[in-house]
Amino acid sequence: MGSTSTKIKLRTSDQKVFEVEKAVAVQSQTIKYIYENGCPDSVIHVHSVSGDILSKILDYCKKHVNSAAGKEDISPEELYEWDANFVKVDQNTLFDLILAANCLKIESLLDLTCQTVANMIKGKRPEEIRTTFNIKNDYTIEAEEAVRRENKWAFDMLGGVGTMVIEELADDTMSKCVTNTKSRVCVIAANQIVMMRSISKLANKKSIDVYKQPQNPTTPRIKESVKQRNVGTGFIELFFHFKCKM
Amino acid sequence: MEITSILPEECLCLIISLTSPEDACRSAMISHASRSVANRDEVWERFLPSDCRSIISGSSSSSLLSLGKKDVYFHLCFHPILIQNGTMSFQLEKKSGKKCYMMGARALSIIQGDTPAHWIWTSLQESRFPETAELKQVGWLHMRGKIETKILSSDTNYAVYFVFKLRKEHTTGFTQRSVGFHVHVDKIDLREVRMVSLDPLRDESQYIRERGDGWMEIEMGAFFNNCGDDGSVEFSIWEAHTNYVKQGLIIEGIELKPKDIAS
């Protein structure tokens, strides 16, 4: 009755009803489709979304609609920050938002929430990711090693100055390492004796290939073999911090 | 209940595809479920360039199209494929999936290149191309090439490299003498000129690098490719002191690849 904007009614899984401006509601492609292909006055059921989550989602949609329409004076940087704060929620809420954005087909929200999870994965080692998301490692040692070999280039050392990751490998992988993978372990030119002692302290009876990085990074890396000792199967990652002789 | 049981596979694929090729490989190690997601075509499709399919179909390795997308990605990272009738090669930079192109000697304009007294064309085992140009003797060394920025990856810092080697014997004219390298992108007003010796003294050798595939490379210049609408990148190499005869240069080509961040 004299209202300048159309409203759409939405009912959630927990029977809460929201009355929303059409422009905001149709940010969801799902709602848009139902509205345009159904009876415009009836209530749209969003079965898989709870009231709490829908409320948050509607906040998001409203913010973005208003900013795009110029109704709210907000710069792109401010909107970006608003989005960043929007996703500062606990994991369960984040997953609920992803599920809802997926089901309601709100692309920008799905990208935002998925990117948030992606950022929790980027640059992390598998064990760290398992802890973050409470995922159980269902690999046997052999299976884990097989998958690691399958994806070996992603496990090359990425440490900065003074940090080094050495992988201890089973016999046959070691020989493959030496002959054809140029991108394997890289070691900073440090006091080798100190390092070797550290290795022998923590890892008895394991053999390792050590590569010496010369001062001029453009000359090829020199391989220096360490005393060969018996190698066991399986692997561990060792982290060392030591002074780098430049 | 954890993430791989809560979220549907399409969402998990989207999440992994928003990380990086490296992270996708590492996430295969998390659990059986994560490995299945991490190896999905939907993930690796996003890491491959959007015009990958058409590039591969126009190449001499079109059978790659039958492989899964992850296998295609890694194949292209470690094995350059030949395009444009074997005169150019294409591959991907493994961490970012950005495109790398090398123009073989046949794709360049080499002055007097068709004169057998000056240049001979040979097949070398260590070359990726069917033909490389070998310098017999020339007073005026001059070669040019160009490439369109639109075929390169957008939003990327590219560097241009001259890929070559010098014959062990009968090589003259390069020792301690500089060769001129020129990179020019007209639309963004970029003009880089460098004078580098192909056979320098030990302490001047910081501009030349061993590539690890049997060839040497010199960085000729660098530019930022925005959206690929900056027209063409032109490059040329010259040494015009005709008094000094030059012999023994073998050209593999000119490569454009993302500029190293780390090394």
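**Note on the largest cavity and the chain A–chain B interface**

1. The largest cavity holds about 130 Å³ of space, in what should be read throughout as a predicted model. A search of the whole structure finds six cavities of 30 Å³ or more. As general background, rolling a probe the size of a water molecule over the atoms shows where empty space is left.

2. Which residues lie closest to the centre of the largest cavity? Among the 14 residues that line this cavity, those closest to its centre are A:I121, B:T4, B:L12, B:I16 and B:S34. The elements that contribute two or more residues to the lining are α6 and α7 of chain A, together with α1 (3-6), α2 (9-17) and α4 (32-38) of chain B. The largest share, three residues, is given by α2(B). By residue class, the lining of the largest cavity has 11 nonpolar residues and three polar ones, with no charged residue.

3. Turning to the contact between the chains, 38 residues of chain A and 30 residues of chain B take part in it. The size of an interface is often given as the accessible area lost when the parts come together. For chain A and chain B this buried area is about 3,300 Å², and carbon and sulfur atoms give 68% of that area.

4. How many residue pairs are in polar contact between chain A and chain B? The count is 10 such pairs, with both residues at pLDDT 80 or more. The elements giving two or more residues to the side of chain A that touches chain B are α5 (91-104), α6 (107-121), α7 (126-133) and α8 (141-150) of chain A. Of these, α6(A) gives the most, with seven residues. The residues on this side of chain A comprise 19 nonpolar, eight polar and 11 charged.

5. One salt bridge is found across the interface of chain A and chain B. In this salt bridge B:R35 is paired with A:E150, and their closest N and O atoms are 2.9 Å apart.

6. Over all chains, the structure holds 30 salt bridges, and one example within chain B can be followed along a helix. There the side chains of B:E22 and B:R26 meet in a salt bridge, at 3.9 Å from N to O. Because B:E22 and B:R26 are four residues apart in helix α3 (residues 21-27) of chain B, about one helical turn separates them.

Notes:
Residues numbered from 1 in each chain as written. Chains lettered and ligands numbered in written order. Predicted model: local features only at pLDDT ≥ 70, side-chain atom pairs only at ≥ 80, totals over all residues. Heavy atoms only, no water. Contact = heavy atoms within 4.5 Å. Buried area = accessible area lost by both parts, 1.4 Å probe. Salt bridge = Lys/Arg side-chain N within 4 Å of Asp/Glu carboxyl O. Polar contact = N/O pair within 3.5 Å; in protein donor to acceptor, adjacent residues only side chain to side chain. Nonpolar A, V, L, I, M, F, W, Y, C, P; charged D, E, K, R; others polar. 1 Å grid on protein atoms, 1.4 Å probe; cavity = no way out; pocket = protein on both sides within 12 Å on 5 of 7 lines; lining within 4 Å. Points joined across faces, edges and corners; volume = space filled by probe spheres on them.
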